[in-house]
Amino acid sequence: MLHRSSALIALVLSGCYVTPGEEICSSNPLPEPVETECDDADDLDNDDITDCDDTDIDGDGLRNIWDCSPRDPTLDDPHTGGRCEDPNDRDDGDLIVPLGTSLEWDPPNTTLRSDANRGSDSLSVASGAAFNEGDEILILNQQGEDAGTYEVVLVAKATSNTLTIEPPLAHAYDSDDLVRVQRVPHYDSVTVEGTLVTPAWDPEIGGGVLMFRVCGEVSVSGRIDMDGLGFAGGQGVSGNDNLPTTGESWNGPSVHPENAADETEEYEVGARNGGGGGAPVGDVDALRDQNAGGAGGSLATVGEYSYSSDGEKYAQPGMEQGTPELDVWYMGSGGGAGAPDREEDGDSALNVSGNGGPGGGLVAIFAKERIGVPGGITAKGQRGQDAQSQLGDVDGFPIGGEPGGGGGGSGGTMMIVSDIVQITAVGDNEGLSVRWGEGGWPASGGVVVESDVVRGGLGGYGYLRIDAATLETPGNVDTANNGPHLGDITQWCWESEELPERPCYTDDDGDGVVAWECGGGDCDDSDASINPDGEEVVGDGIDQNCDGEDRCDLDGWYQGGMKTGSCSVESGAGAGATLALGIGLSMLRRRRSRSA
C-alpha cells in the first residue's frame, strides 16, 4: 500500500491536485500600460479627472464616443450634430424609395408615461422594447401645456418601460401632455424617386413627424409628402341642430366652440382652439340659411375668418405660434368645421357640413453633404371639405339646406440642414412647401356652391428653416412672404473631434473606464462588465475585476491550473501513480471530514 506521502508526491508529479477550498486558480499578469504623457492640469469640465482619462471631457453628460463635439457642451442642445460616426454600428444603410412606389416610413416610437424632470437621465415610457443602446431619439411634446418643447438624446440602455439616456434632459416633460419619443435613423444616403410618407397624427400616440440624419446625400426627385399629416381638422355634422367642432392643435383636441369676441369686438364668433380654426356657433336664427364655414388653422401666419352669406364673421382663425428659428416645434393646426343649416330645410340627414382640413406635418432632415430637391418635400395644410346638400321633400317641395364648408389646415414645420442645399424643382414639382390649405365650398339647394365669399377660411403658412453653407433655390420654395428663415450652418458638426491626448485613448465598451493598454484600468475594453469595479465570478476563468487573478472555490480535480472532471497522469507515471492519485484524494477528503 502506498503511504500518504507517496500519494501526495504522485499528485505533484502528475500536475494534478485537489483543492478543499477557495484559492487562486490562475494568475494572468496584466500587460504593462502604454506610457503616455498627460497634462494633469488639463481638466475642461473641472471634475478632477484629466481630459486624457475623462470619458466625458466637456461634462455635458454625453460620453465622448457619442459626442459630436466632445470639447464643446454648447453643441449638444436640441440642434445637435449629425454624429456620422456610429460607435455601435447602428447604421441604417441607404434609404431608397423607387419610382412608382410609396413607402410609409414609421420608425420605433412610444410615449412618455411618467413625468420627466430637467436633468433626469431616464424616461419612463409606454414601451422601450423597440429601442437599443446607441439609438438617437427625438423627445417632442406634441400637445398640451408645454407643447413645442423638444430635444434629441441617445439611448444608453433600454428596458421594457425605461430608457436611460445621455445627456440628461435639458427640459422637463409632463406626462399629462402628449409627449412622443421617436427613434432618429442615421442613413448613409437617401434617394426618393417615388413617395415617402409617415403615419398621420393620432391623438393617442402622436405622430405626423419625419426626422432623420444622413451622412452622405439626400436626393428627392419624387416626393416626401407630409401634407395633411398634422393636427386633424374639426368634424362637420349632419343634421340641422348639431354643433361642429374646432380644429385640433398644439393646444388640445377638437372641441365644441364657445362664443368669443372678434377682433373688432363688435359681435361674437365661434372661438378658436389655440392654433385650430374655430367653428360657427349660434341658435337657429343665427345659422339659418347662412352657409357659414369653419375658420382656418394657423401656425407661422394667421388663417382667415370664415364668413357667411350675410357678410358677417362666424368663426375665429387659429392663433400664431412658434418662432422662425424653430426653438420650438409644432405641426400645422386643423381648420374648423362648417356650420349646419339649423332650420328645417329638407331632410336633415342629407345636409352635411364640411370637415376642417388637417394641418401639415413636421419634417426635419439633416445631411452632411447635400440635399437636392428636383421633386418636392412638402408639409402643406389640406383643403377643408366641401359641404353636402341634397334635396328633401318639405310639404311637397324639393328643398335643400345651406351648410358651410370646412376651414383649411395650416402648413406644418420644415427644417432642412446640409452643407449644400439645392432646390431645382420647377413646374408641377413643388420644391419646398409649407403652404396653407384652402377652405371648402358651401352647399345650397342640393349643390356645392363655389363662392369665395362664403367658403371656409384659408389656413395659415407653416415654418421653413434652411441651414446651408451653399444655398441654391432657383426652383419652387413656397413659404410665408418673408421666405425661409436662414440659420447658421456653423453650429452643426458631423463627426467627433480627434479625442485627446493619449495616443491610444479608447473606451470601446462604454463602461466609463479607459482601456488598460491606454493607461486606464479596463483590462477588457470589449466587455462593459469587466473593469476594476466588476464583480468577480469565482471559478469561471475570467478576471472580471482586473486584478490579474481568477479565484475558485469548488472541490475537485485540477490539472495545469484548470478544473477538470478527473486527472490523467503523464505517460511514464504508470498505474501506480494513478492509484496514488485516488488514494491521495481519499485521504484528503477524510482529513477535511475530520476537521469539519
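Here a trainee and a mentor talk through a predicted model of one protein.

Trainee: Let's start with the overall make-up. How many helices and strands are there in the protein?
Mentor: Happy to start there. Buried residues make up 52% of the 596 residues. As for elements, the protein has two helices, and its strands number 36.

Trainee: What share of the contacts between residues at least 6 apart in sequence join residues at least 24 apart?
Mentor: Take the contacts in the protein between residues at least 6 apart in sequence. The part of them that joins residues at least 24 apart is 70%.

Trainee: And the surface: what percentage of the exposed area do carbon and sulfur atoms supply?
Mentor: The protein exposes about 25400 Å². Of that area, carbon and sulfur atoms supply 46%.

Trainee: I'd like to know how far to trust the model. Where is the pLDDT below 50, counting from residue 1?
Mentor: A good thing to check. The protein averages a pLDDT of 80, and 73% of the residues score at least 70. The stretch you ask about has 48 contacts in the model beyond near neighbours in sequence. Its pLDDT is below 50 over residues 1–22.

Trainee: How many contacts beyond four places in sequence does the model have for residues 565–596?
Mentor: Over residues 565–596 the pLDDT stays under 50. For this stretch, the number of contacts beyond four places in sequence is 33.

Trainee: Now the interior. Which element gives the largest share of the largest nonpolar core?
Mentor: That core has 30 residues, and those with the most contacts inside it are Phe-212, Ile-365, Ile-377 and Ile-416. Elements giving it two or more residues include β3 (94–97), β14 (209–214), β27 (413–423) and β31 (463–472), as well as β22 (362–373). The largest share is five residues, and it comes from β22.

Trainee: Which residues is Ile-416 in contact with, leaving aside its neighbours within four places in sequence?
Mentor: Ile-416 is one of the residues with the most contacts inside the largest core. Two others of that group, Ile-365 and Ile-377, are in contact with Ile-416. The full set is Ile-365, Ile-371, Ile-377, Val-421, Leu-432, Leu-464, Arg-465, Ile-466 and Asp-467.

Trainee: Let's look at β12. Which residues form its covered face?
Mentor: β12 spans 189–192 and gives two or more residues to the largest core. Ser-189 and Thr-191 make up its uncovered face. The covered face is Val-190 and Val-192.

Trainee: Which residue in β15 is the bridge partner of Thr-191?
Mentor: β3 and β12 pair in the parallel sense over four bridges, and in that pairing Ile-96 has Thr-191 as its partner. β12 is also joined to β15 by three bridges, again running parallel. In β15, the partner of Thr-191 is Ser-219.

Trainee: Which strands stand at the edges of the open sheet of six strands?
Mentor: The order is β4-β13-β16-β23-β28-β32, with parallel pairing. Within this sheet, β16 (residues 223–225) and β23 (residues 376–378) are joined by three bridges, and Ile-224 stands opposite Ile-377. Each edge strand has a single partner strand, so one side of each is left without a neighbour in the sheet. Those edge strands are β4 (102–104) and β32 (477–478).

Trainee: Is the disulfide of Cys-523 and Cys-546 left-handed or right-handed?
Mentor: A search of the whole structure finds one disulfide, and it joins Cys-523 to Cys-546, S to S 2.1 Å. Both cysteines lie in the loop between β33 and β34, so the pair ties together parts that are 23 residues apart in sequence. The torsion about the S-S bond is about -85°, so the disulfide is left-handed.

Trainee: Which of the two, Cys-523 or Cys-546, is buried?
Mentor: Buried means under 20% relative accessible area. Cys-523, at 24%, counts as partly exposed. At 10%, the buried one is Cys-546.

Trainee: One last residue: how far apart in space are Pro-203 and Pro-253, C-alpha to C-alpha?
Mentor: Pro-203 lies in the loop between β13 (195–197) and β14, and is partly exposed at 46% relative accessible area. Not counting residues up to four places away in sequence, Pro-203 touches Leu-178 and Glu-248. Pro-203 and Pro-253 are 50 residues apart in sequence, and their C-alpha to C-alpha distance is 7.5 Å.

How values were computed
Residues numbered from 1 in each chain as written. Predicted model: local features only at pLDDT ≥ 70, side-chain atom pairs only at ≥ 80, totals over all residues. Heavy atoms only, no water. Core = buried A, V, L, I, M, F, W, Y, C linked by side-chain atoms within 4.5 Å. Buried < 20%, exposed > 50% of the residue type's maximum accessible area, 1.4 Å probe, protein only. Contact = heavy atoms within 4.5 Å. Pairing = 2+ DSSP bridges. Areas by Shrake-Rupley, 256 points an atom, 1.4 Å probe, with all protein chains shown as cover. pLDDT = per-residue confidence, 0-100. Disulfide = S-S within 2.5 Å.
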